[in-house]
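Could you walk me through this protein model, from its overall build down to the details of individual residues? I would like to follow it on screen as we go.

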Amino acid sequence: MEVIKLNKKNQQKTIGLATDYIKAGKIIIFPTDTVYGILCDAKNKKAVNRVFKIKKRLKQKFFPVFVKDIKTAKNIAKINKKEESFLKKCWPGKTTVVLEKKTFKIYGVDKKKIALRVPNYKPLNLLLKKMNAPLIQTSANIAGKKPKKDPKEIIKDFKERKLRPDLIIDDGVLENKPSTLINLTTSPYKILRN
C-alpha cells in the first residue's frame, strides 16, 4: 500500500501515477470535495469486485459513480432537459443524483438506475479528465463505519488488513461531510441523504 502526500509541486505527477494505478485495475484512495473516496475503473469488473471486498460491502449496495462532466453523464444515464438544467446548477459540486441508467457496460451499479456526480475538487477533476472514464466511488471506510476525514486514520484502518487499497493519496484532513443524494427518477425529486 503506497502512500503519497499531495502538494502543489507534485500534483501533476501524483495524478499521473493515480491514473496509471486505475488503468492497471488497481484500487486507490483519493481526496474529494466531500470525504476521502475509494476509487477504481467502473468498467473493470475485477477491480469493482475488489472494492466490494475491501469495503466489506454487500453486493446489493450499489456504488455511486464519478464522471468528468454532464456530457459523460448523458452517455451513461437518461437525462431530460429539466434534469439537465437541474444538474447544471449543482454540478460540479457535492450533489449525487440518481438517474435512469442507459445500457452502458459498467459494474457495481444497478441495472436500471445509477447514482452519478461531477465533483468540484481540482485534483480529482484533473484525474477524471485524464482517465476519461467513469470511476466507482465510495467513502474510504469499512461498511457500517463512519467515513474518515483523516488519512492517518484511513491508513491505520487498512494497514493491518489483508485486503486493502493499492495507493492512498494524502491531502490532509478533510473537514467535509458526504454528498447530498437526490433521486431525480421521482416526481417531485426526492432527497435521500442531506
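We begin with the whole chain and then move to strands, charged pairs and backbone details.

Keep in mind from the start that this is a predicted model. The protein chain is built from six helices and eleven strands. Its C-alpha trace spans about 45 × 35 × 30 Å along the principal axes. A compact globule with 194 residues would have a radius of gyration near 16 Å, and the protein chain has 16 Å, so the two agree. Of those 194 residues, 53% count as buried. Contacts also reach across the sequence: among those in the protein chain with a separation of 6 or more, 68% are between residues 24 or more positions apart.

A good place to zoom in is strand β10, which covers residues 180-183. In a regular strand the side chains alternate between the two faces of the sheet. Here, Thr180 and Ile182 point one way, while Leu181 and Asn183 point the other way, and all are buried. On one pairing, β10 runs parallel to strand β6 (residues 95-101), with four bridges between them. Within that pairing, valine 98 has asparagine 183 as its bridge partner. β10 is also joined to strand β11 (residues 190-193), this time antiparallel and over three bridges. Asparagine 183 appears again here, with lysine 190 of β11 as its bridge partner. The connection from β10 to β11 is a hairpin of six residues.

That hairpin region holds a backbone detail worth a look. The peptide bond from serine 187 to proline 188 is cis, with omega near 0°, and proline 188 sits in the loop between β10 and β11. Another cis peptide bond joins tryptophan 91 and proline 92, with omega about -10°. Proline 92 belongs to the loop between α4 and β6, so following the chain onward from there takes you to β6, the strand that pairs with β10.Next, consider the charged side chains, where a search of the whole structure finds eight salt bridges. One of them pairs aspartate 170 with lysine 5, with the closest N and O atoms 3.4 Å apart. Aspartate 170 lies in strand β9 (residues 167-170) and lysine 5 in strand β1 (residues 2-5), so this pair ties together parts that are 165 residues apart in sequence. The surroundings of the two partners are unlike: aspartate 170 is buried, with a relative accessible area of 10%, whereas lysine 5 counts as exposed at 53%.

Arginine 50 and aspartate 166 form another salt bridge, and their closest N and O atoms are 2.9 Å apart. This pair also links distant parts of the chain, with arginine 50 in helix α2 and aspartate 166 in the loop between α6 (151-159) and β9, 116 residues apart. Arginine 50 is partly exposed, with a relative accessible area of 25%, while aspartate 166 is buried at 19%.

A further salt bridge joins glutamate 84 to lysine 74, again with the closest N and O atoms 2.9 Å apart. Glutamate 84 is in helix α4 (residues 81-90) and lysine 74 in helix α3 (residues 70-76), ten residues apart. Glutamate 84 is buried, with a relative accessible area of 16%, and lysine 74 counts as partly exposed at 30%. Salt bridges that share partners bring Lys74, Glu84 and Lys88 into one network.

Which charged side chain is buried yet has no salt bridge? It is arginine 57, and the nearest side chain of opposite charge, aspartate 110, is 12 Å away. Arginine 57 is placed in the loop between α2 (45-55) and β4 (65-66). Leaving aside residues up to four places away in sequence, arginine 57 touches Phe52, Phe62, Phe63, Thr138 and Ala143.

The loop between α2 and β4 also contains lysine 56. Although lysine 56 is not a glycine, its phi is positive, at about 55°. Lysine 56 is exposed, with a relative accessible area of 55%. Asparagine 132 likewise has a positive phi, near 50°, and lies in the loop between α5 (122-131) and β8 (135-139).

Finally, what about the cysteines? Cysteine 40 counts as buried at 0% relative accessibility, and cysteine 90 counts as buried at 14%. A search of the whole structure finds zero disulfides.

Methods:
Residues are numbered from 1 along each chain as its sequence is written. This is a predicted model: local features need pLDDT of at least 70, side-chain atom pairs count only at pLDDT 80 or more; totals for chains, interfaces and linings use all residues. Side-chain values use heavy atoms; hydrogens and water are left out. A disulfide is a pair of cysteine sulfur atoms within 2.5 Å. Buried means under 20% relative accessible area, exposed over 50%, partly exposed in between (1.4 Å probe, protein chains only). Helices (H or I, at least four residues) and strands (E, at least two) are DSSP runs, numbered from the N terminus. Lys and Arg count as positive and Asp and Glu as negative; His and the chain ends are not counted. A salt bridge is a side-chain nitrogen of Lys or Arg within 4 Å of a carboxyl oxygen of Asp or Glu. Contact means heavy atoms within 4.5 Å. Two strands pair if DSSP finds at least two bridges between them. The radius of gyration is taken over C-alpha atoms; the globule rule is 2.2 Å times the number of residues to the power 0.38.
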